Amino acid sequence: MKPPTDELAAETWRLMFDFFISSNPQRSESLQRRGLTPNDSRILNSLDTAGRPIGELARQFNSDPSNTTWVVDRLEKAGLVERRPSPTDRRVKLVALTPLGLETQTALMTEFRVPPPGLAALSPDELETLHRIFSKLSPAPDR
């Protein structure tokens, strides 16, 4: 007898989550080499060279604006982001990637996207099935 869909979804998510957590050392090493934290990475990877207001970043991550400001301060001191005046509202500062920030963002995403060893051990058919499923689940276009 097959388990109900919600039980199967919960068990599947548990397995996926455990796999992602077990592969965290690979991502953590990339961050540590650059002196970055996971929160630094979240902000860095949500920016582009056009910029976004800090309040918008805080809402995206469900964070207090003062905490987001603290992370942005760290990234700015590292030369990865800069604050710019908004062209539409002089009270608002935009946070944008610097050339070094864009280079770092690209390098991090390249390293983060190296498949963990367990994934490479799957058969081509298994990988194709996972690819098809995750393509359906992915809300964001590939960067």
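Search this whole structure for aromatic pairs and two turn up. Keep in mind that you're looking at a predicted model. One of those pairs joins Trp 13 and Phe 17, and we'll start there before moving on to helix packing, the nonpolar core and a few residues worth clicking on.

**An aromatic pair in α1**

- Two numbers do the describing here: a pair of aromatic rings is characterised by how far apart the centres are and by the angle between the planes.
- For Trp 13 and Phe 17, the ring centres are 6.0 Å apart and the planes make an angle of 45°, so the pair is called tilted; that label covers angles from 30 to 60 degrees.
- Both Trp 13 and Phe 17 belong to helix α1, and they sit four residues apart, about one turn of the helix.
- Trp 13 has a relative accessibility of 48%, so it counts as partly exposed.
- Phe 17 is partly exposed too, because its relative accessible area is 40%.

**How α1 meets α2**

- Helix α1 covers residues 5-22 and helix α2 covers residues 24-33; their axes come within 5 Å of each other and cross at roughly 40°.
- Because of that crossing angle, α1 is described as oblique to α2.
- On the α1 side, the contact is made by Phe 20, Ile 21 and Ser 22, while α2 brings Asn 24, Pro 25 and Arg 27.
- Sort these contact residues by type and you get three nonpolar, two polar and one charged.

**The largest nonpolar core**

- As a bit of background, nonpolar side chains in soluble globular proteins tend to be buried together.
- Here, the largest nonpolar core has 17 residues, and the members that touch the most others are Ile 43 and Val 81.
- Several elements each supply at least two residues of this core: α3 (38-44), α4 (54-60), α5 (65-77), β3 (93-97) and α6 (99-112).
- The most generous of them is α5, which gives three residues.
- If you zoom in on Ile 43 and skip residues up to four places away in sequence, you'll find it touching Leu 57, Phe 61, Thr 68, Val 71, Val 72 and Leu 75.

**Ser 41 and Asn 62: buried or exposed?**

- Ser 41 is part of helix α3, and with just 6% relative accessibility it counts as buried, because the cut-off is under 20%.
- Setting aside residues up to four places away in sequence, Ser 41 touches Leu 31, Leu 108 and Phe 112.
- Asn 62 sits in the loop between α4 and α5, and at 73% relative accessibility it counts as exposed, because that is over 50%.
- Look at the backbone of Asn 62 as well: its phi is near 50°, a positive value in a residue other than glycine.

**Gly 35 and Glu 82: sequence versus space**

- You'll find Gly 35 in the loop between α2 and α3.
- Gly 35 and Ala 78 are 43 residues apart along the chain, and their C-alpha atoms are separated by 9.1 Å.
- Ignoring neighbours within four places in sequence, Gly 35 is in contact with Asp 40 and Arg 74.
- Glu 82 belongs to strand β2 (residues 81-85), and its relative accessible area of 31% makes it partly exposed.
- How far apart in space are Glu 82 and Glu 128? From C-alpha to C-alpha they are 41 Å apart, with their positions 46 residues apart in sequence.
- Again not counting residues up to four places away in sequence, Glu 82 touches Glu 76, Leu 94, Val 95, Ala 96 and Thr 98.

Definitions and conventions. Residues are numbered from 1 along each chain as its sequence is written. This is a predicted model: local features need pLDDT of at least 70, side-chain atom pairs count only at pLDDT 80 or more; totals for chains, interfaces and linings use all residues. Side-chain values use heavy atoms; hydrogens and water are left out. A nonpolar core is a set of buried Ala, Val, Leu, Ile, Met, Phe, Trp, Tyr and Cys residues joined through side-chain atoms within 4.5 Å. Buried means under 20% relative accessible area, exposed over 50%, partly exposed in between (1.4 Å probe, protein chains only). Contact means heavy atoms within 4.5 Å. Axes are lines fitted to C-alpha atoms, for helices over the stretch in contact, and angles run from 0 to 180 degrees between N-to-C directions. Angles under 35 degrees count as roughly parallel, over 145 as roughly antiparallel, 65 to 115 as roughly perpendicular and the rest as oblique. Ala, Val, Leu, Ile, Met, Phe, Trp, Tyr, Cys and Pro count as nonpolar, Asp, Glu, Lys and Arg as charged, and the others, Gly among them, as polar. Rings of Phe, Tyr and Trp (its six-membered ring) pair if their centres lie within 6.5 Å; planes under 30 degrees apart count as stacked, over 60 as edge-to-face and the rest as tilted.
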